[in-house]
Amino acid sequence: MNPFHSLKLSDPLLRALESKSYKTPTPIQVQAIPPTLAGHDILGCAQTGTGKTAAFALPILQRLDKHVPHRHGRTSHPRALIIAPTRELAQQIVNSFGEYGRYTTLRATAVYGGVGLFQQTRILQNGIDILVATPGRLMDLMEQKYVSLQSVEVLVLDEADRLLDMGFIEPIRFIASQIRRERQTLLFSATMPREILHLANALQRDPVEVRVAPTEANIPKIEQSVYVVHSKVQKEKLLEHMLVKGGMNRVIIFTKTKHGADRLCKGLRSVGVASEAIHGNKVQGQRDRALARFKTGQSQILVATDVAARGLDVDGITHVIQFDLPRDPEAYIHRIGRTGRAGATGIAIAFCEPGDRGSLRNVERLIGQRVPVAPMPAVLERIQDREPVATIETPRYEIQPRPQSHAHGHSNTHAHGHASTHTPSHSNTHNREHGHSRSNSFEHKPSRTRGKFPRHARHR
Ligand code: AMP
């Protein structure tokens, strides 16, 4: 018997699952589908990649499919509303509804910002059953009376932690206040900080809690490793070293901050590596262009913050580099999940600075395994010995000029060629070096090395 039968799903849905060749329900589906079908609120701790979209989409489709209004009776009043943090995720969710609901007559659409209103309002006016929306665009459409939430029976908040991180708490409260109280509310989040529990408390009634612990089984085929580094400068050199070595076709690099993402992207471009940055400060058009360049291979590297990378589904990412380790250990799992998708293998590399040791331990506790420590390339080890982070704060070049060894000269071309070739003897020059060491080493290069990344590679 098809294992999905035991979940009491209707025939049109079982047929759709069959055509998707799903053999067995995932753990989140086993846990969430029966109580959702029974009408309970759900508080689900699960991340993307666990099959959580089907866990809420299937019961919603089944519920709405019982009473489909006549074609002409359909209005722009959705009966199910799914709120998602990003346009990309909204699009993915509506695609899933389309696939799981292909043997029903239900209509789903997605609305999100960054694109014109007109087409979205036309689709709404033709009548819909299921609306997937980002909060900002939904508020606009509500204000302009293109959509009303008076008929919503089921509200879903997907990736609630991201919604909160992105500052959508007030819009969400407002949106929920426009929906009748006897609705069903499903809330999914990869993490469960206190703010999420408060929100759940405010919006839900006696929810059934389901949790899929991220386990090794959820992150298959990803080869993980961590480099223990001493400083930001060493991280930059290590990254440069890896890119020079080659074999990295499509790379996503995570940074902690938007500013850090921009700086790294700029630095990579300045040494001739085609890179794009996406983060929350970029407008939709810029994000689309960056993603398109990355997807088509025009850019080898995408530098991203966590928020921007949420829901990102790009095939063929060979490497994920965590230039900064995240404070939240679950973000580590989410990040490495960008590679190794759809049965492919992937490589996930993290850089761990001294201040990140605690974060690394938390990650290891969460995934229940040690992340293997990769040996530092010899050429960088020597730099590490000469340039431990503390000495960056001292006028070391005045005290102890560095010897000009071969390896030394090459490895320092980017970060320290300037200072080391002109041993500074006055404080102004030292200050330049000082600022230089603490900022992105890619940025302060002598002009003769700019744009010569591949040639630099040939020296090795
Ligand atoms: P999600 O966590 O909803 O983003 O789903 C992650 C991926 O798993 C998607 O590509 C789904 O198509 C796929 N998926 C969901 N449920 C199942 C299942 N029961 N069996 C096989 N694949 C599934």
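Tutor: Two strands pair if DSSP finds at least two bridges between them. Keep that in mind as we go through this model, which is a predicted one.

Student: Then let's try a bridge: which residue stands opposite Ile278 in β11?

Tutor: Ala304 does. Ile278 and Ala304 are one example of how β10 meets strand β11 (residues 301–304), and the two strands run parallel, joined by 4 bridges.

Student: What is the general idea behind such pairing?

Tutor: Backbone hydrogen bonds link the strands of a sheet, in either a parallel or an antiparallel way. Here, 6 strands make an open sheet with parallel pairing, ordered β8-β13-β12-β9-β11-β10.

Student: Which strands stand at the edges of that sheet?

Tutor: β8 (222–228) and β10 (275–278) do; each has a single partner strand, so one side of each lacks a neighbour in the sheet. On average, neighbouring strands of this sheet are turned by 20° against each other, direction ignored.

Student: Which strands does helix α12 lie across?

Tutor: Helix α12 (residues 284–295) lies across β10 and β11, and runs at about 140° to β10. Helix α14 (residues 329–336) also packs on the sheet: it touches β8, β9 (251–254), β12 (319–322) and β13 (346–352), and its direction makes about 155° with that of β12.

Student: Now the other sheet. In what order do its 7 strands come?

Tutor: Read across, the order is β3-β4-β2-β5-β6-β1-β7, again an open sheet with parallel pairing. Its edge strands, β3 (108–111) and β7 (208–211), each pair on one side only. The average turn between neighbouring strands of this sheet is 15°, direction ignored.

Student: Over how many bridges do β3 and β4 pair?

Tutor: β3 and strand β4 (residues 130–133) pair over 4 bridges in the parallel sense. Within that pairing, Ala108 has Ile130 in β4 as its bridge partner. Helix α4 (residues 87–100) packs on this sheet, where it touches β2 (80–83), β3 and β4, at about 175° to the direction of β3. Helix α2 (residues 27–37) lies across β1 (42–45), β6 (184–189) and β7, and runs at about 170° to β1.

Student: How do I read the sides of a helix?

Tutor: An α-helix has 3.6 residues a turn, so residues three or four places apart point the same way. Try helix α9 (residues 194–203), where the buried residues are Ile196, Leu199, Ala200 and Leu203.

Student: Why are they on the same side of α9?

Tutor: They cover an arc of only 100° around the axis, and that puts them on the same side of α9. On the other side, Arg194, His198, Asn201 and Ala202 are exposed. Among the elements covering the buried residues of α9 are β1, α7 (160–165), α8 (169–177) and β6.

Student: And the ligand: which helix gives the most to the shell around it?

Tutor: Helix α3 (residues 52–65), with 3 residues. The residues around the ligand include Tyr22, Gln29, Thr48, Gly51 and Lys52. By character, the shell has 3 nonpolar, 7 polar and 1 charged.

Student: Finally, how many helices and strands does the protein chain have?

Tutor: 21 helices and 13 strands. Of its 460 residues, 44% count as buried.

How values were computed: Residues are numbered from 1 along each chain as its sequence is written. This is a predicted model: local features need pLDDT of at least 70, side-chain atom pairs count only at pLDDT 80 or more; totals for chains, interfaces and linings use all residues. A residue is near a molecule or strand if its C-beta atom, placed from the backbone, lies within 6 Å of it. Ala, Val, Leu, Ile, Met, Phe, Trp, Tyr, Cys and Pro count as nonpolar, Asp, Glu, Lys and Arg as charged, and the others, Gly among them, as polar. Axes are lines fitted to C-alpha atoms, for helices over the stretch in contact, and angles run from 0 to 180 degrees between N-to-C directions. Two residues are in contact if their C-beta atoms, placed from the backbone, lie within 7 Å. A residue is buried if 20 or more other C-beta atoms lie within 10 Å of its own, exposed if 12 or fewer, and partly exposed in between; C-beta atoms are placed from the backbone. The arc is that of the directions from the helix axis to the C-beta atoms.
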